[in-house]
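Before the terms used for a structure can be trusted, it helps to ask what each of them rests on. The questions below take up a few such terms in turn.

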Amino acid sequence: MTGWQTLFYKEVLRFWKVAFQTVAAPVLTAVLYLLIFSHVLEDRVQVYGQLSYTAFLVPGLVMMSMLQNSFANSSSSLIQSKIMGNLVFVLLTPLSHWAWFAAYVGSSVLRGLLVGLGVFAVTLAFARPAFSALPWVFVFALLGAALLATLGVVAGLWADKFDQMASFQNFLIMPMTFLSGVFYSIHSLPAFWQHASRFNPFFYMIDGFRYGFFGVSDVSPWLSLAIVGGAWAAVSFLALRLLRTGYKIRN
């Protein structure tokens, strides 16, 4: 195996050995969200015409789970390795910064997709959303997971302690995720908050992904693709630069 494939394999084994915690637990959390919100709002909220609220909610929960777990995988791996001191064994290898990037981002995308598939499979018991534009589903699933996985690499390199990582996740990732339209259409918001939502890149990931299911969205999927793709390119450039310079991992 080449270097990046070996590191990728090691990172996959890292989360798969505790799959009950890293895969099954997020699926259960998403199902609880579905049960609570669909029970409370099913008869009170209608979106996109006659679409049921439960069907509307499923793609949002799938994407939210993928984003959160993609970020959690790469960020937790790096911060744990830095604190426990075993990152030195990876530093001793002649791996390039591209190999690090491919392994950490690739394994995190894989975990995000596994969690997303698990959430979708379980929610089929509650709603069966149609696939109106299946290629968009794959495109936004991969781009969204890759963006958050790359952001997790940046956060893992930046953080020196677990509380710094918790602050990054609790004050940036979680608010942007929950305010991205997972549980609502932005057209149900007042005008000010509709405009504010358009500055949240997470909104475009959710909205573009949902378009693949229903063929309708709050904004054009091409606009969402351009914004998400541009955001990933920018974050990837930053992550590669930090890895190349050895930011906070090389003395």
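Q: What does partly exposed mean here, as opposed to buried or exposed?
A: A residue is buried under 20% relative accessible area and exposed over 50%, and partly exposed in between. The model to which this is applied is a predicted one.

Q: Why is Lys10 called partly exposed?
A: Lys10 has a relative accessible area of 35%, and because this value lies between the limits of 20% and 50%, Lys10 counts as partly exposed.

Q: How do you know whether Glu11 is buried or exposed?
A: The relative accessibility of Glu11 is 0%, which is under the limit of 20%, so Glu11 counts as buried.

Q: What makes the contact of Lys10 and Glu11 a salt bridge?
A: The term asks for a side-chain nitrogen of Lys or Arg within 4 Å of a carboxyl oxygen of Asp or Glu. For the side chains of Lys10 and Glu11 the N to O distance is 2.7 Å, so the pair meets the rule.

Q: How do you know that Glu11 and Arg14 also form a salt bridge, and where do they lie?
A: Their side chains meet at 3.5 Å, N to O, and because this is within 4 Å, the pair qualifies. Both residues belong to helix α1 (residues 3-16), where they are three residues apart, about one turn of the helix. Arg14, at 25% relative accessibility, counts as partly exposed. Salt bridges link Lys10, Glu11 and Arg14 in a network.

Q: What makes Lys248 and Asp160 a salt bridge, and which parts of the chain does the pair link?
A: The closest N and O atoms of Lys248 and Asp160 are 3.1 Å apart, so the pair falls within the limit of 4 Å. The pair links distant parts of the chain, 88 residues apart, with Lys248 in the segment after α10 (221-245) and Asp160 in the loop between α6 (134-158) and α7 (162-178). Lys248, at 36% relative accessibility, is partly exposed, as is Asp160 at 40%.

Q: Why is α2 called oblique to α5?
A: The axes of helix α2 (residues 19-41) and helix α5 (residues 97-123) come within 9 Å and cross at roughly 40 degrees. Angles under 35 degrees count as roughly parallel and those from 65 to 115 as roughly perpendicular, so this crossing makes α2 oblique to α5. The crossing is right-handed.

Note on methods
Residues numbered from 1 in each chain as written. Predicted model: local features only at pLDDT ≥ 70, side-chain atom pairs only at ≥ 80, totals over all residues. Heavy atoms only, no water. Axes fitted to C-alpha atoms, helices over the stretch in contact; angles between N-to-C directions. Helix = DSSP H or I, 4+ residues; strand = E, 2+ residues; numbered from the N terminus. Parallel < 35°, antiparallel > 145°, perpendicular 65-115°, else oblique. Left-handed = near helix turned anticlockwise from the far one by under 90°. Buried < 20%, exposed > 50% of the residue type's maximum accessible area, 1.4 Å probe, protein only.
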